[in-house]
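Q: Please take a close look at the sheet in this model. I would like a connected account of its strands and of what packs on them.

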Amino acid sequence: MARYYDVHPDNPQPRALRQVVDLIRDGGLVAYPTDSCYALGCQLGNRDGLDRIREIRHLDDRHHFTLVCRDFAQLGQLVKVSNAAFRLVKASTPGSYTFILPATREVPRRLLHPRKRTVGVRVPDHTVAQALLAELGEPLLSSTLVLPGEDEPLTQGWEIKERLDHLVDAVLDAGDCGKEPTTVVDLSQPEPEILRRGAGDPSRFE
C-alpha cells in the first residue's frame, strides 16, 4: 500500500518531505504535485522505477521522460543549451513548460529518445515540488500522471491513492494543482517546435 502524505500547499511539513525523499532514495516511486497536474517521480538511476512508470502509463521507448529540476543551474548539467535556447529557457523558468534538448553524459542512456538522444527537462513553479526537489538535492525522473485510455491527468491526491495504491510507494497530496499538462517545446533544432500546447503560454516560441 502507498503511504499517503497530506501536506500544506504553501508550507509543506518538512518531516513529510524527508520521509518521501527517503522513499525515493530507497528506490521508491512517488506521485507528487507540480504547477501543471500531478506527476510520477523516481531517482534518475532507478531502472525499476522507470519500468514501473512505463507500465503504469503504457509508454513505449520513444516517450520523452522529463527530468524535473530545482533550478536552471541543475537543468544545465543535464542538457546542452545553445545560446538561442538559453534565452528562451531562462525566460520561461520556473514555469509550466517542458523543453526537449540534447542530453549530456550525466543522463542515463535508457532515458533518452532512442534516435534523437534528447530528453525533456523542466523547472516547476510549485512550492511543494520545489521543496521536494530541495530536500532531494537532485532532479527527479518524472512523467505526467495520465492513466492509459484517459484524456485528463489525475488531479486529486486521494483519488491517486485509491487507484494506484499498489503501484506507487507514496502519494504527496497538496490539494488540486490543475489538470492541464505542461506546454512541450522542442529546442533541439534551430527553430523551436511546439509539440504540445498546455498550461504554459506558447506564444513566445511561435
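A: The account below begins with the basis of the model and then follows the sheet and its surroundings.

The model is predicted: local features need pLDDT of at least 70, side-chain atom pairs count only at pLDDT 80 or more, and totals for chains, interfaces and linings use all residues. Residues are numbered from 1 along each chain as its sequence is written, and side-chain values use heavy atoms, with hydrogens and water left out.

Helices (H or I, at least four residues) and strands (E, at least two) are DSSP runs, numbered from the N terminus. Two strands pair if DSSP finds at least two bridges between them. On these terms, 10 strands form an open sheet with mixed pairing, in the order 1-8-2-3-7-4-6-5-9-10. Strand 1 (3–6) and strand 10 (193–196) each have a single partner strand and stand at the edges, so one side of each is left without a neighbour in the sheet. On average, neighbouring strands are turned by 35° against each other, direction ignored; axes are lines fitted to C-alpha atoms, for helices over the stretch in contact, and other angles run from 0 to 180 degrees between N-to-C directions.

Strand 5 (residues 97–102) has pairings of both kinds. With strand 9 (residues 183–186), strand 5 pairs in the parallel sense over 4 bridges, and F99 has V185 as its bridge partner there. With strand 6 (residues 118–122), strand 5 runs antiparallel and is joined by 4 bridges; here the bridge partner of I100 is G120. Of the 6 residues of strand 5, 5 are buried, where buried means under 20% relative accessible area, exposed over 50%, and partly exposed in between (1.4 Å probe, protein chains only). In the loop between helix 4 (83–92) and strand 5 lies P94, and the peptide bond from T93 to P94 is cis, with omega near -5°.

Elsewhere in the sheet, strand 2 (residues 30–34) and strand 8 (residues 170–173) run parallel and are joined by 2 bridges, A31 having V171 as its partner in strand 8. Helix 5 (residues 127–136) packs on the sheet and touches strand 2, strand 4 (66–68), strand 7 and strand 8, contact meaning heavy atoms within 4.5 Å. The direction of helix 5 makes about 130° with that of strand 2.

Helix 2 (residues 47–57) lies across strand 3 (37–42) and strand 7 (140–144), at about 145° to strand 3. The buried residues of helix 2 are G49, L50, R52, I53, R54, I56 and R57, and their cover includes strand 3 and strand 7. At the start of helix 2, a side-chain oxygen of N46 reaches to within 3.2 Å of the backbone nitrogen of D48.

Two residues deserve mention for their backbone angles. Most residues other than glycine have a negative phi, and most peptide bonds are trans. C37, in strand 3, has a positive phi near 80° and counts as buried at 1% relative accessibility. H58, just after helix 2, has a positive phi of about 55°. The place of H58 is in the loop between helix 2 and strand 4, and H58 is exposed, with a relative accessible area of 62%.

Methods: A polar contact is a pair of N or O atoms within 3.5 Å; within protein, one must be able to donate a hydrogen and the other to accept it, and residues adjacent in sequence count only if both atoms are side-chain atoms.
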